[in-house]
Amino acid sequence: MEERADAVVAAAVARGHVDGVADVAQALPTSFVPDLIGWPTDGREHLLRWAGATFDSLGPVNGQTIRSTPATVGMLRFARSVVRRRDVLPGSMGADLLERVDRGELREDACPALMVDYLAPSLDTTISAIASTMLLLARHPGQWRRLQDDPDLVPNAVNEVVRIESPLRAFARSLDRDAEVGGVQLTAGTRVVVFYASANRDERFWDDPTTFDVTRDATPQLGFGQGAHGCAGQGLARLETQSILRSLLARVERIELAGTPVWGVNNIIHKLDELPLRLVAKEGARS
Ligand code: HEM
């Protein structure tokens, strides 16, 4: 992971001016989890569009949902053909699933959704966290210097990015029993929306919640959810984001904004579409 992250950052630093999303943030998420799952390498060009559409389809029914439906169906259809053709990379999670099918431990028609359910939430979320890390550190050079002085703050800084920018804004839940939340009585069966992004900036819990501060204890942030259905990939997402940040700290003197960042439109995901940056190389950084 560190090696791949460092190669991505080294190439970006050599270019100097980059799009932080396309040239840096997308690199690890679009290769790591697809490799783990065994997604065929010749079927990856649509992944970002398909995965973004999957999140759009989870939101309220609106124009985004309707426009994204063909792409959502496209991802599942492709996964079905991967399973039918047994076209998964050897030694991958997908290969493991198919071996279980052969042993009669799993139904074949369960495999496409299992693959998509792990792959789709791994892409835009992590790309968003990595891109937001770079944007925040370009906008807050004092925080960048704190990290340069003390790289041990990196894991906490990643929690702080996920807190303040919450790549996944909200998910819904159905109550399985009556409950009271914030003085409001709710009955079993009610559908509620859990806004992670709002909880992460709740002034009743956080001091000065709109300030980006890599030294605050951001451990209790809720950007990965929590409990039985908390994010299954949070360890990997943290590793990917931390690896890129560590390489940036090793190779870059400062990150400068070189244009106006463009935020994407999605019902669930809070993400950057474009992030024009100038990466100023450290003198004497290894090539
Ligand atoms: C910064 C990046 C990420 C963020 C902010 C994020 C956030 C979340 C959130 C908020 C949930 C819902 C938790 C809940 O309902 O309580 C979730 C679920 C999930 N995430 Fe992530 N995620 C990220 C990266 C990943 C990655 C890299 C993977 C896969 C490798 C992944 C796989 C999943 C899966 C499979 C679930 C469903 C868990 C379940 O329902 O049991 N996520 N994620």
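Which element gives the largest share of the shell around the ligand? The answer is α8, with three residues. The model discussed here is predicted.

## Overall build

The protein chain holds 12 helices and nine strands. Its C-alpha trace spans about 60 × 55 × 35 Å along the principal axes.

How does the radius of gyration compare with that of a compact globule? For 287 residues, a compact globule would come out near 19 Å. The protein chain has 20 Å, so the two agree.

## Ligand shell

The ligand is surrounded by 24 residues. Ser122, Thr125, Gly225, Cys231 and Gly233 are the closest. Three elements give two or more residues to this shell: α7 (111-119), α8 (124-139) and α12 (234-251). Of these, α8 supplies the largest share.

By class, the shell has 14 nonpolar residues, nine polar ones and one charged one.

## Packing of α5 on α7

One of the shell elements, α7, also packs against another helix. Helix α5 covers residues 63-85. The axes of α5 and α7 come within 8 Å. They cross at roughly 125°. Angles of 65 to 115 degrees count as roughly perpendicular and those over 145 as roughly antiparallel; α5 and α7 are therefore oblique to each other. Their crossing is right-handed.

On the α5 side, the contact is made by Met75, Leu76, Ala79, Arg80 and Val83. On the α7 side, Cys111, Pro112, Met115 and Val116 take part. Eight residues of this contact are nonpolar and one is charged. No polar residue is involved.

## Packing of α8 on α10

The shell element α8 has a helix contact too. Its partner is helix α10, residues 154-165. The axes of α8 and α10 come within 10 Å and cross at roughly 95°. That angle makes α8 roughly perpendicular to α10.

Which residues of α8 and α10 make the contact? From α8 come Ala129, Ser132, Thr133 and Leu136. From α10 come Val158, Val161, Val162 and Glu165. By class, this contact has five nonpolar residues, two polar and one charged.

## Summary

Two helices that line the ligand, α7 and α8, each have a described partner. For α7 the partner is α5, in an oblique arrangement. For α8 the partner is α10, in a roughly perpendicular one.

Terms used
Residues are numbered from 1 along each chain as its sequence is written. This is a predicted model: local features need pLDDT of at least 70, side-chain atom pairs count only at pLDDT 80 or more; totals for chains, interfaces and linings use all residues. A residue is near a molecule or strand if its C-beta atom, placed from the backbone, lies within 6 Å of it. Helices (H or I, at least four residues) and strands (E, at least two) are DSSP runs, numbered from the N terminus. Ala, Val, Leu, Ile, Met, Phe, Trp, Tyr, Cys and Pro count as nonpolar, Asp, Glu, Lys and Arg as charged, and the others, Gly among them, as polar. Axes are lines fitted to C-alpha atoms, for helices over the stretch in contact, and angles run from 0 to 180 degrees between N-to-C directions. Angles under 35 degrees count as roughly parallel, over 145 as roughly antiparallel, 65 to 115 as roughly perpendicular and the rest as oblique. A crossing is left-handed if the near helix is turned anticlockwise from the far one by less than a right angle, and right-handed if clockwise. Two residues are in contact if their C-beta atoms, placed from the backbone, lie within 7 Å. The radius of gyration is taken over C-alpha atoms; the globule rule is 2.2 Å times the number of residues to the power 0.38.
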